[in-house]
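Trainee: Before I rely on any label in this model, I would like to hear the reasoning behind it.
Mentor: Then let us look first and take the labels one at a time.

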Amino acid sequence: LIENNPDNSDILADIANISFINFGDTEKAIAYLAGLKQQAPENPKVQILAGGIAVQEGKPEEAIRFYESSFRGNPEDKTTIRYLGNLLSDSELWDKSIQHYRQALIHHPNDPYFLERLGTLLIGCPDTRLRNMNEGIVYSERAFLHMSSRPNTLVYSGRSLAFAYANLGYKENALHTIRETMAMARQANFSPTYLAELEDMLFSIQALDN
């Protein structure tokens, strides 16, 4: 492929990403990246590769810049959305995380993972000033009821929903949701630690005044 497409930055970037992500050959990826930065520095695939290498090198701020640039160039790419979203959360850039998932849902309005991520942030953001329980419920409910939601998405959105319902005084809704979420988590073989956290939440909700 390299011999037949020496000037095709898309293909070369794909090969570099495969070398880096699938086989962990960082040195080879860095070598490809050096040429690609000269050949096509604005290519979103080149920028996501640069971001991945920056993460590997312990440079999260630089990685965020590359991922943001890649997202602007190709906002449809779900891999870029996930990488950037995870890195923003890991870096505790909560406001940016919320705005990022709002943008992601413009391009993928019914993606259950993005719905859950935004709902969970709006409901349980560590920066409480950014919370919006009522809006978060809307996104979390859509993820929780989505036919295509994976088990993790169902459980995380259910936990967020139960938390929001409880905080807004909807005890019965909260109890129903946390019990349903616990059943899903058991069926999906979530860790005993996580199941214990859900059980603690159930007890806390049960203890609330009606």
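**Reasoning from values to labels**

Trainee: How do you know that the span of helix α4 agrees with its number of residues?
Mentor: This is a predicted model, and the check uses its C-alpha atoms: the 14 residues of helix α4 (residues 60-73), at 1.5 Å a residue, should span 20 Å, and the end C-alpha atoms are 20 Å apart, so the two values agree.

Trainee: Which residues of α4 are buried, and what covers them?
Mentor: The buried residues in α4 are A63, I64, Y67, E68, S69, S70 and F71, and their cover includes α3 (44-56), α5 (78-90) and α6 (94-107).

Trainee: How many helices and strands does the protein chain have?
Mentor: The protein chain has eleven helices and zero strands. Of its 210 residues, 44% are buried, and among its contacts with a separation of 6 or more, 52% join residues 24 or more positions apart.

Trainee: What makes D111 buried or exposed?
Mentor: Buried means under 20% relative accessible area, and D111 has 10%, so D111 is buried. D111 is placed in the loop between α6 and α7 (112-124), where its side chain reaches the backbone nitrogen of Y113 at 3.0 Å. Leaving aside neighbours within four places in sequence, D111 is in contact with K78 and L105.

Trainee: Why is R142 called partly exposed?
Mentor: That label lies between under 20% for buried and over 50% for exposed, and R142, at 33% relative accessibility, therefore counts as partly exposed. R142 lies in helix α8 (residues 133-144), and its contacts, apart from neighbours within four places in sequence, are P109, N110 and L115.

Trainee: What makes the pair formed by the side chain of R142 and the backbone oxygen of P109 a polar contact?
Mentor: The cut-off for such a pair of N or O atoms is within 3.5 Å, and the side chain of R142 reaches the backbone oxygen of P109 at 2.7 Å. R142 and P112, in turn, are 30 residues apart in sequence, while their C-alpha atoms are 7.3 Å apart in space.

Trainee: Which residues have the most contacts inside the largest nonpolar core?
Mentor: That core has 24 residues, and those with the most contacts inside it are Y67, L84, Y101, L105, F114, L118 and Y139. At least two residues of this core come from each of α3, α4, α5, α6, α7 and α8, with the largest share, six residues, supplied by α7. Not counting residues up to four places away in sequence, L118 touches I98, Y101, R102, L105 and Y139. Another core, of 21 residues, lies apart from the largest one and has V155, Y165, A174 and Y194 among its members.

Trainee: Why is E92 called exposed, and where does E92 lie?
Mentor: Exposed means over 50%, and E92 has 56% relative accessibility, so E92 counts as exposed. E92 lies in the loop between α5 and α6, and has a positive phi of about 60 degrees although it is not a glycine.

Trainee: Why would a positive phi be worth a remark?
Mentor: Because most residues other than glycine have a negative phi.

Trainee: How do you know that N189 counts as exposed?
Mentor: The value for N189 is 67% relative accessibility, and with the cut-off at over 50%, N189 therefore counts as exposed. N189 is found in the loop between α10 (171-187) and α11 (192-206), and N189, although not a glycine, has a positive phi of about 60 degrees.

Key: Residues are numbered from 1 along each chain as its sequence is written. This is a predicted model: local features need pLDDT of at least 70, side-chain atom pairs count only at pLDDT 80 or more; totals for chains, interfaces and linings use all residues. Side-chain values use heavy atoms; hydrogens and water are left out. Helices (H or I, at least four residues) and strands (E, at least two) are DSSP runs, numbered from the N terminus. The expected span of a helix is 1.5 Å times one less than its number of residues. Buried means under 20% relative accessible area, exposed over 50%, partly exposed in between (1.4 Å probe, protein chains only). Contact means heavy atoms within 4.5 Å. A polar contact is a pair of N or O atoms within 3.5 Å; within protein, one must be able to donate a hydrogen and the other to accept it, and residues adjacent in sequence count only if both atoms are side-chain atoms. A nonpolar core is a set of buried Ala, Val, Leu, Ile, Met, Phe, Trp, Tyr and Cys residues joined through side-chain atoms within 4.5 Å.
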